Structure formats: structure tokens, C-alpha cells
Amino acid sequence: MNILSHYKYVFQMQFIRNAGYFIFMALLQILISIGIVIGFTYLIPSPSTETILFLATGAPTIILITAGMVILPQQVGGAKSDGYMEFMRTWPVNRSVILSADTTIWLFITLPGIVVSTMVAHFLFSPGYDISWTVVPALLMIALTSIGVGYGFSYLLSPTASMGISQLVIFGALMFSPVNFPMDRLPEWLQSLHEVLPIYSMAEVMRASLATSTFEATMGNYLNLLVWCILGFGGAMFILNRK
């Protein structure tokens, strides 16, 4: 079989095995996205237009982080525990095909939540979207980085350690990362940390794509995502190829 046939085979195997789980996760992503856009406004008595715009452009980033660095590692941990990971290693396909097929599925899972959160924010709050042509490549880059990092640490670490890291990621992303608020609200040491970690760059690239007249992403943000994406997928490939 050629590589396209391998890809189709792996995609079908993964989707059929987890179809119910994937549907549930897609619905959960929609609820999370709506919760961020609407629920967070209850914490702020009279949110300004800038605050609403931060929440509206931050929700898609949180969705991608949740899918790639929280839910995906838990699924990989489950596959390790029940022996499915070892079963995948017996497949006569290139290991990159396995990652590609899984990544495609997770990309599809995130789309409904992103679309719904954007529409809800637009019709309820009119936050001032100014969508750029870069929105599609930006979404892909952020999604691939998040999924790559999620694969990287979940393949490298034990299921228990992966679970702990994923919970730390979502807690940090919601409360201590400049996704739904400006970077300058954080202490300087945390700002410096976020200059290295990928979450801030994800948020900046997303904001610059959804509200290009208000926000701007730097080349450093894109390079940051590229480096983390390569490290994540590279680490996952190394573990999958290891005997």
C-alpha cells in the first residue's frame, strides 16, 4: 500500500475505535467555548469592549490548548494503559502516518467549538472582529503546535505524569496566561516565562488573525510556535519509533 492508503487505513481505525469519544469531545469543546465567551463576563461587572475582544479572541486559543494539551494526552495515556499503543507499533505503516491521521481527527474536533464561540461572541457582544486572511494558517499553526506539544509530553511521560501536566496546563492557561487578558497584568518573571512557553504566542497569533486592526503578532511569536511544534512532534516520533 502507498502512503495515502496507509493514512486512510489508520484514520479509519482511529476514528472507528474512538467515534463516540470524539463526538463527546467536540460537544464539550463547544460548551467550553461558550462558557469562556459568556461565563467570564459574569466575573466582570461592566466589561469594556477591549475586555470582550480579549475573551472573544482568547476562546479559540483555549479550545485548541484544551484539545491538544489536555484531552489528547489523557487519550494517549489511556491507550498506553490498555496496551493499544503497543498494538499500534505492530502496524505495518510509517509512524508519521499514525501521527498525521490522529492530528487530522483532533483538528476536526476543535472546529465546531471555534466556529460556535466566534459566532456567539459576534452576535451577543459585537466585539469588533477584523478577520485577516491569515486566520486559517494561524489556526493550523496554533493547533499543530498544541497537538504536537501534547503528543510530545504524553508519549514521553507515564500516563499519571501526563495527567498531572495536562491539568497544570489548563489551570495555567485559564488563570495565569495572557490569553484572555493583556500580558502586562502579570508579574515580570511570569511575563519572561511566557515569552519562552508557547501559550502566549498562540494567543497573540490568534488575536492578530481575528482582530488584525487591534492586535499584532511578531515574527518571534511565529518562530516560537514553530520551535515548539517541531519539538513536540519530533519527540513523539522518537518515542513511537523506539523499539
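Let me begin with Ser126, which lies in the loop between H4 and H5; helices here are DSSP runs of H or I of at least four residues, numbered from the N terminus. This is a predicted model, in which local features need pLDDT of at least 70 and side-chain atom pairs count only at pLDDT 80 or more, while totals for chains, interfaces and linings use all residues. Residues are numbered from 1 along each chain as its sequence is written, and side-chain values use heavy atoms, with hydrogens and water left out.

Ser126 is not a glycine, yet its phi is positive, at about 45°. For context, most residues other than glycine have a negative phi. Ser126 is also exposed, with a relative accessible area of 52%; exposed means over 50%, buried under 20%, and partly exposed in between, with a 1.4 Å probe and protein chains only.

The helix that Ser126 follows is H4. H4 has 31 residues, and the distance from its first C-alpha to its last is 45 Å, close to the 45 Å expected at 1.5 Å a residue. The expected span is 1.5 Å times one less than the number of residues. Arg95 belongs to helix H4 and, at 12% relative accessibility, counts as buried. What does Arg95 touch, not counting residues up to four places away in sequence? Its partners are Met88, Arg89, Met237, Leu240 and Asn241, where contact means heavy atoms within 4.5 Å. By contrast, the C-alpha atoms of Arg95 and Met202 are separated by 27 Å, with their positions 107 residues apart along the chain.

I turn now to helix H2, residues 49-81. Its 33 residues should span 48 Å, and its end C-alpha atoms are 47 Å apart, which agrees. H2 nevertheless has a kink of about 35°, centred on Thr66; the bend at a residue is the angle between axes fitted to the seven residues ending there and the seven starting there. Of the 33 residues of H2, 27 are buried, so the helix is largely enclosed by the rest of the structure. Just after H2 comes Gly83, with a positive phi of about 85°.

Next, the nonpolar cores. A nonpolar core is a set of buried Ala, Val, Leu, Ile, Met, Phe, Trp, Tyr and Cys residues joined through side-chain atoms within 4.5 Å. The largest has 34 residues, and those with the most contacts inside it are Leu64, Ile65, Met69 and Ile142. Two or more residues come from each of helix H1 (3-39), H2, helix H4 (95-125), H5, helix H6 (159-175) and helix H8 (198-210). The most come from H2, which gives eight residues. Leaving aside neighbours within four places in sequence, Leu64 is in contact with Met69, Thr110, Ile114, Leu139, Ile142, Ala143, Ser146 and Met206. Apart from this core lies another, of 29 residues, including Ala26, Ala67, Tyr84 and Tyr151.

Tyr151 brings us to the aromatic residues. How many aromatic pairs does the structure hold? There are 13, counting rings of Phe, Tyr and Trp (its six-membered ring) whose centres lie within 6.5 Å; planes under 30 degrees apart count as stacked, over 60 as edge-to-face and the rest as tilted. The rings of Tyr151 and Tyr155 have centres 5.5 Å apart and planes at 80°, so this pair is edge-to-face. Both residues lie in helix H5 (residues 135-156), four residues apart, about one turn of the helix. Tyr151 is buried at 1% relative accessible area, and Tyr155 is buried at 3%. Tyr151 also pairs with Phe233: their ring centres are 6.2 Å apart and their planes at 50°, so the pair is tilted. This pair links distant parts of the chain, since Phe233 is in helix H9 (residues 219-241), 82 residues from Tyr151. Phe233 is buried too, with a relative accessible area of 18%.

Elsewhere, ring pairs link Tyr7, Phe11, Phe15, Tyr21, Phe22 and Trp106 into a cluster.

Phe153 lies in helix H5 as well and is buried at 13% relative accessibility. Residues up to four places away in sequence aside, Phe153 touches Met69, Pro73, Ser162, Ile165 and Ser166.

Finally, two charges sit over rings, meaning NZ of Lys or CZ of Arg within 6 Å of the ring centre and within 35 degrees of the ring normal. Arg17 lies over the face of Tyr84, 3.7 Å from the ring centre. The charged end of Arg207 sits over the ring of Phe215, 5.7 Å from its centre.
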